[in-house]
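Subject: A structure for you to look at

Dear colleague,

I am passing on a structure that I would like you to open and turn about for a while before you read further. My notes come after it, and you may wish to keep both side by side.

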Amino acid sequence: MSQTGNPATSQSRQSPARSFVAPAYYPNGNPNAPLNPPGARNTDSCLPPDKAGEVVHNYACNGPAPGDIAFRWIHGSVCAATNRDPRIQVLAYNEDTYILRENPCIHWEAPFTYLLFGNTGALLIDTGATLEAAYYPLRTTVDAIIRRWCSIRRKKSVPLTIVLTSGEDIAQNQGLGQFAGRPETTLAPTQLAEIKTFHKLAEWPNGTGSIDLGGRVIDVIPTPGAHKDGITFYDRYNCFLHTGDLLYPGRIQIGNDRDYVAALSRLQQWSESHPVKWIMGGSHRNDVRSGARLSPVQELPPF
């Protein structure tokens, strides 16, 4: 598996600013171009003011799209009742990729969710550990990001699909209920038999599916092991593997040893023909001894 340096493996201190290096082919502008304001990063070059109509993004590039994680994750409080941090921390990795983290004072696992955009659709991967919107306003937060994104891209709306790395993982499926009845929204099922049908995975755990967001394709890879219905999502644009509880920087609880090893082998084979920049887990680790908190990003294992 290919590897890159990771600025976010330890978030105990602010990461230093780094210069942008574009892949050999990136069709949507250069953050260092003169059109962009000083300090711009992870964004297209400024649009010409006379350009009209919807903005169409070209998601084809021969390497990971530009993006970075260079800030400090919130880490909760000794007394949760006194915590004043946002209920959900939001990071724009680039203008079409958002990382959302549940405040650890809302739920101790502080799970991560991911919001991805394409030209004709948005995809939310996982929904966190808390159902109550009053404590964990996931839908409100996602709706606000979508409205802003649609305004920038001059779109009236964009349909949303919500999928899960595991339907049985209560740390990732609880927020699903907040989206019940939301217009232009497709919710993934939580039962394995229905999950197979939803993602067209008739040969489970072999075979793959795909989700086309409009030029941005997300591959669906069955990876049971931590959970019997585990799924990994591969983002061809960022070259991310979204692995949920299968792989993340922390203690992993394995439901079935044989399935788990087979899933790792499947991802290793996948990486031999698909570039992988980072593994994006669904959770994190608290290091009690040092107080350091890790991001969801996992350096690629040696297998």
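What follows is an account of what was found, going from the whole chain to single side chains.

Please keep in mind from the start that this is a predicted model. The protein chain has 303 residues, and buried residues make up 54% of them. Its secondary structure comes to four helices and 12 strands, and its accessible surface is about 14200 Å², with 52% of that area belonging to carbon and sulfur atoms. If you take the contacts in the chain with a separation of 6 or more, 64% of them are between residues 24 or more positions apart.

A good place to begin is the open sheet of six strands, whose order is β1-β2-β3-β4-β5-β6 and whose pairing is mixed. Its edge strands are β1 (88–94) and β6 (185–187), each of which pairs on one side only. On average, and with direction ignored, neighbouring strands of this sheet are turned by 15° against each other. Between β1 and β2 the pairing is antiparallel and runs over six bridges; one example to look for is V90, whose bridge partner in β2 is L100. Helix α1, made of residues 138–152, lies across β1, β2, β3, β4 (122–125) and β5 (160–163), and runs at about 25° to β3.

The aromatic side chains deserve a separate look, as the structure holds seven aromatic pairs. Why does the pair of Y98 and F117 count as edge-to-face? The ring centres of Y98 and F117 are 6.0 Å apart and the ring planes stand at 80°, so the pair falls in the edge-to-face class, for which the planes have to be over 60 degrees apart. This pair links distant parts of the chain, since Y98 belongs to strand β2 (residues 97–102) and F117 to strand β3 (residues 112–117), with their positions 19 residues apart. Are these two residues buried or exposed? Buried means under 20% relative accessible area; Y98 has 7% and is therefore buried, and F117, with 0%, is buried as well.

Elsewhere, Y93, F240 and W278 form one aromatic cluster. W278 also has a charged residue at its ring, because K277 lies over the face of W278, at 4.6 Å from the ring centre.

With best wishes

Methods. Residues numbered from 1 in each chain as written. Predicted model: local features only at pLDDT ≥ 70, side-chain atom pairs only at ≥ 80, totals over all residues. Heavy atoms only, no water. Phe/Tyr/Trp six-rings, centres within 6.5 Å; stacked < 30°, edge-to-face > 60°. Helix = DSSP H or I, 4+ residues; strand = E, 2+ residues; numbered from the N terminus. Buried < 20%, exposed > 50% of the residue type's maximum accessible area, 1.4 Å probe, protein only. Lys NZ or Arg CZ within 6 Å of the ring centre and 35° of its normal. Contact = heavy atoms within 4.5 Å. Areas by Shrake-Rupley, 256 points an atom, 1.4 Å probe, with all protein chains shown as cover. Pairing = 2+ DSSP bridges. Axes fitted to C-alpha atoms, helices over the stretch in contact; angles between N-to-C directions.
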